[in-house]
Amino acid sequence: ITTPVNDDQVLAEINALTERYERDPYQVLIVDDQPSVAEFLSSTLQEAGFHTHVITKPMTELMPYLQNHIPDLILLDLYMPGINGQEIAGVIRQQDNLISVPIVFLSNEISPKVQVQAMCTGADVFLSKPVQPVDLLFAVESRIRRGRMVRNLVTRDSLTALLNRRESMRRLQEEVLRCQRYGNKLCVALLDLDRFKRINDTYGHAVGDRVIKHFSLQLKDSLRDGDIIGRIGGEEFIVVLPETTLAVARRTFERLAEELREKPFSDFSYSFSGGLVRCLPGVMEDALLEQADVALYEAKAAGRDRVVC
Ligand code: GH3
Ligand code: MG
Ligand code: MG
Ligand code: MG
């Protein structure tokens with residue numbers, strides 16, 4: 001069995017990626033109708049190194065914010081004009097992508113019955129106002145790291161640190177909706193490594209795994225930060241490219257294929273095939289995936305190591 005020469009580097013880079021996803025600054029969302037309270041909470045948390053975002057008008061500002069951001073923890077006031085924290089927590093807990101986000105209630109409500117009702121929405125702890133900075137920091141510190149870890153476990157693939165199949169499909173659905181609503185440009189590619197069985201049979205399954213990791217890193221390097229990259233099967237990947245034309249997407253994948261040909265993995269090289277499609281008005285994600293799959297099949301049938309649009 002040959003040992004790939006750049007193996008250590010690939011492993012180190014995957015580990016670094018995984019760590020980065022765990023160490024990105026923690027973002028706390030503060031929802032309180034009283035600006036002075038929100039400001040106090042925000043500065044206390046910022047001094048402890050957290051990033052914060054303040055919402056004082058939840059009726060109009062909260063849902064739009066949560067559509068584009070996933071905070072690491074939510075500090076929630078109970079009584080606010082027009083809506084209360086309990087209702088908000090109930091809505092948040094019904095969203096798959098927010099399931100792992102801890103919710104900390106903050107209120108001067110002292111009735112145990114009301115506090116228990118609020119907690120029954122799926123919140124994590126109830127703090128009484130006025131809260132001491134040390135109590136606030138204890139409550140946040142003890143929950144925020146675990147929330148982030150759970151989220152990574154639920155959304156990321158453990159071999160490559162790319163998005164897993166479930167999260168890839170959720171993100172694809174979001175982007176397709178954006179494309180349908182606002183006419184945003186959007187491309188989707190399905191990629192599959194060529195003759196992968198042969199690589200496993202020749203070099204062993206462990207080397208096959210390293211090839212998958214190597215490809216994941218190369219793919220990540222070729223794409224932009226806003227692109228969505230997921231591993232959806234053994235050696236199958238999805239790439240969702242918002243705000244990208246078919247021509248640009250195609251060039252990106254052709255460059256990647258070129259690089260894999262020029263700089264082989266170690267003493268052997270591997271290639272991939274791809275099916276690339278553009279999202280058009282009226283086409284939903286299932287149909288889009290099917291089109292991409294047909295294009296991928298054509299790329300395989302035409303001899304592999306190519307991208308078909
Ligand atoms: P084609 O060019 O037609 O895609 O040929 P292929 O050999 O890649 O075909 P196929 O998709 O049928 O086979 C993929 C193989 O990948 C089968 C499976 O044993 C292997 N595989 C799937 N998941 C993993 C994994 O996580 N690690 C490794 N090492 N191998 C895997
Ligand atoms: Mg209030
Ligand atoms: Mg396959
Ligand atoms: Mg394959």
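How many of the 5 residues of β6 are buried? The legends below take up that strand in this predicted model, along with its surroundings.

**Figure 1. The protein chain in overview.** Before zooming in, it helps to have the whole chain in mind. The predicted model holds 11 helices and 12 strands in its protein chain. Its C-alpha trace spans about 70 × 45 × 30 Å along the principal axes. Of the 309 residues in the chain, 34% are buried. Counting contacts with a separation of 6 or more, 67% come from residues 24 or more positions apart.

**Figure 2. An open sheet with five strands.** Reading across this sheet of 5 strands, the order is β2-β1-β3-β6-β7, and the pairing is parallel. Strands β2 (51-55) and β7 (125-128) form the edges, each pairing on one side only. From one strand to the next, the twist averages 20°. As a reminder for reading this view, strands of a sheet pair through backbone hydrogen bonds, either parallel or antiparallel.

**Figure 3. Strand β6 and its buried residues.** Here is the reply to the opening question: 5 of the 5 residues of β6 are buried, so this strand is largely enclosed by the rest of the structure. In a regular strand the side chains alternate between the two faces of the sheet. In β6, Ile103, Phe105 and Ser107 point one way, while Val104 and Leu106 point the other way. All of these residues are buried, whichever way they point.

**Figure 4. The two neighbours of β6.** On one side, 4 bridges join strand β3 (residues 73-77) to β6, and the two run parallel. In this pairing, Ile74 stands opposite Ile103 of β6. Strand β6 (residues 103-107) is also joined to β7 by 4 bridges, again with the strands running parallel. Two positions are handy for finding your way along this second pairing: Phe105 stands opposite Phe126 in β7, and Ser107 has Ser128 of β7 as its bridge partner.

**Figure 5. From β6 to β7 by way of a helix.** Between the paired strands β6 and β7, which run parallel, the chain takes a route through a helix. Leaving β6, the chain passes through helix α5 (residues 112-119) and arrives at β7. This β-α-β crossover is right-handed.

**Figure 6. Leu29 and the β1 side of the sheet.** Leu29 sits in strand β1. With 22 other C-beta atoms within 10 Å, Leu29 is buried, because 20 or more is the cut-off for that label. Leaving aside residues up to four places away in sequence, Leu29 touches His53, Ile55, Pro71 and Ile74. Ile74 may look familiar, as it is the residue opposite Ile103 in β6. Leu29 and Asp72 are 43 residues apart along the chain, yet their C-alpha atoms are separated by 7.8 Å. Also in this view, helix α3 (residues 58-68) lies across β1 (27-31) and β2, running at about 140° to β2.

**Figure 7. The shell around ligand 1.** Ligand 1 is surrounded by 15 residues, and the closest are Asp194, Phe196, Lys197, Gly208 and Gly234. At least two residues of the shell come from each of β8 (186-193), α8 (196-203) and α9 (205-222). Helix α9 gives the most, with 4 residues. Sorted by character, the shell has 3 nonpolar, 4 polar and 8 charged residues.

**Figure 8. Backbone spots worth a second look.** Most residues other than glycine have a negative phi, and most peptide bonds are trans. The places gathered here depart from those habits. A cis peptide bond joins Lys129 and Pro130, with omega about -5°, and Pro130 lies in the loop between β7 and α6 (133-155). Ala161, in the loop between α6 and α7 (165-182), has a positive phi near 65°. Arg195 belongs to the loop between β8 and α8, and its phi, near 45°, is positive too. How do the surroundings of these two residues with positive phi look, buried or partly exposed? Ala161 is buried, with 22 other C-beta atoms within 10 Å, whereas Arg195 is partly exposed, with 14 other C-beta atoms within 10 Å.

Conventions. Residues are numbered from 1 along each chain as its sequence is written. Chains are lettered from A and ligands numbered from 1 in the order in which they are written. This is a predicted model: local features need pLDDT of at least 70, side-chain atom pairs count only at pLDDT 80 or more; totals for chains, interfaces and linings use all residues. Two strands pair if DSSP finds at least two bridges between them. Axes are lines fitted to C-alpha atoms, for helices over the stretch in contact, and angles run from 0 to 180 degrees between N-to-C directions. Two residues are in contact if their C-beta atoms, placed from the backbone, lie within 7 Å. A residue is near a molecule or strand if its C-beta atom, placed from the backbone, lies within 6 Å of it. Ala, Val, Leu, Ile, Met, Phe, Trp, Tyr, Cys and Pro count as nonpolar, Asp, Glu, Lys and Arg as charged, and the others, Gly among them, as polar. A residue is buried if 20 or more other C-beta atoms lie within 10 Å of its own, exposed if 12 or fewer, and partly exposed in between; C-beta atoms are placed from the backbone. A crossover is right-handed if, with the strands pointing away from the viewer, the path from the first strand over the helix to the second runs clockwise.
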